[in-house]
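Please take some time with the sequence and the structure shown here before reading on, and keep both in view as you follow the paragraphs below.

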Amino acid sequence: MARPPAATKLASRRSYLFPGIPPGQTDACTGTAVQTQICTNDEMSNCIFCKILKGEAPAKIVYQDELVTAFHDIHPVAPTHILIIPNKHIASVNQVEPEDEPALGRLFIVAQRLAAQEGLQTDGYRLIVNTGAHGGQIVSHLHMHLLGGQRMKYPIG
Ligand code: 5GP
Ligand code: ZN
């Protein structure tokens, strides 16, 4: 599988990727045409991450492709704290469907890429997906935290 394009290139493509990716958009990894998944449902109009995706709320976007978007957390708890989200509104892991597999896999590919860009691969980093109240999930749009730049606390939980 080909590697996804560099984040810097994708960040500069943001202006035409959203809102609404034009038909015929190609998959950043495979180069094949994809079915665009973007949250446009009125039901998600109050989701802050959907607002970021639609350009209705500000964020420092560091990566974007047809499946996922990554941006800096507004309240970082580590020197690197990036959120990676599917472009489709999925409330949490509980709502994941089989069709979401490509986007969920892409979260890890992009996490790996961003970790490398941030210089985290040697020392390591932490990926977190909080789910529900006990999991500490505050924003109901599935997201992966990429944390690094310091030794993480352990044990977690
Ligand atoms: P959770 O606890 O749901 O796993 O994490 C949600 C994360 O989203 C938190 O780390 C919080 O700081 C971040 N966050 C909440 N609202 C915003 C926002 O408007 N912009 C950005 N960039 N991050 C946000
Ligand atoms: Zn959303």
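The paragraphs that follow lead from a metal site to a helix, then to a bound ligand and finally to a strand residue.

The model is a predicted one, and a good place to begin is the zinc ion, which is ligand 2. The protein holds this ion through four donors, namely the SG atoms of Cys47 and Cys50 and the ND1 atoms of His89 and His141, which lie 2.1 to 2.3 Å from the zinc ion. The angles that the four donor atoms subtend around the zinc ion run from 104 to 116°, and the arrangement is therefore tetrahedral. For comparison, the ideal angle for four tetrahedral donors is 109.5 degrees.

Along the chain, the donors of the zinc ion follow the spacing C-x2-C-x38-H-x51-H. His89 sits in the loop between β3 (80-86) and α4 (101-117), while His141 sits in the loop between α5 (132-135) and β5 (144-148), so this pair ties together parts that are 52 residues apart in sequence. Both of these residues, His89 and His141, are buried.

The helix α4, which comes after the loop that holds His89, can be followed next. With its 17 residues, α4 reaches 25 Å from its first C-alpha to its last, which is close to the 24 Å expected at 1.5 Å a residue. Several residues of α4 are buried, among them Ala103, Leu107, Val110 and Leu114, and the buried residues also include Arg106 and Arg113. Just after α4, Gly119 takes a positive phi of about 75°.

Turning to ligand 1, the reader can find 17 residues that surround this molecule, and the closest are Asp73, Gly136, Ile138, His143 and His145. Backbone atoms take part in the polar contacts here: an N or O atom in the backbone of His72 lies 2.9 Å from a nitrogen atom of ligand 1, and one in the backbone of Ile138 lies 2.6 Å from an oxygen atom of ligand 1. A side chain also takes part, since an N or O atom in the side chain of His145 is 2.8 Å from an oxygen atom of ligand 1. Taken alone, ligand 1 exposes 520 Å², and the protein buries 84% of that area.

A last stop is Gln64, which lies in strand β1 (residues 61-64). Is this residue buried or exposed? Gln64 has a relative accessibility of 0%, and because buried means under 20%, Gln64 counts as buried. The side chain of Gln64 is also joined to the side chain of Thr69 by a polar contact of 2.9 Å.

Notes: Residues are numbered from 1 along each chain as its sequence is written. Chains are lettered from A and ligands numbered from 1 in the order in which they are written. This is a predicted model: local features need pLDDT of at least 70, side-chain atom pairs count only at pLDDT 80 or more; totals for chains, interfaces and linings use all residues. Side-chain values use heavy atoms; hydrogens and water are left out. Donors are N, O and S atoms within 2.8 Å of the metal (3.2 Å for Na, K and Ca); water is not among the atoms, so sites may look incomplete. Four donors count as tetrahedral if all angles lie between 85 and 135 degrees; four count as square planar and six as octahedral if opposite donors are over 155 degrees apart and all others between 65 and 115; anything else is irregular. Helices (H or I, at least four residues) and strands (E, at least two) are DSSP runs, numbered from the N terminus. Buried means under 20% relative accessible area, exposed over 50%, partly exposed in between (1.4 Å probe, protein chains only). The expected span of a helix is 1.5 Å times one less than its number of residues. A residue is near a molecule or strand if one of its heavy atoms lies within 4 Å of it. A polar contact is a pair of N or O atoms within 3.5 Å; within protein, one must be able to donate a hydrogen and the other to accept it, and residues adjacent in sequence count only if both atoms are side-chain atoms. Accessible areas come from the Shrake-Rupley method with a 1.4 Å probe; for residues, only the protein chains shown count as cover.
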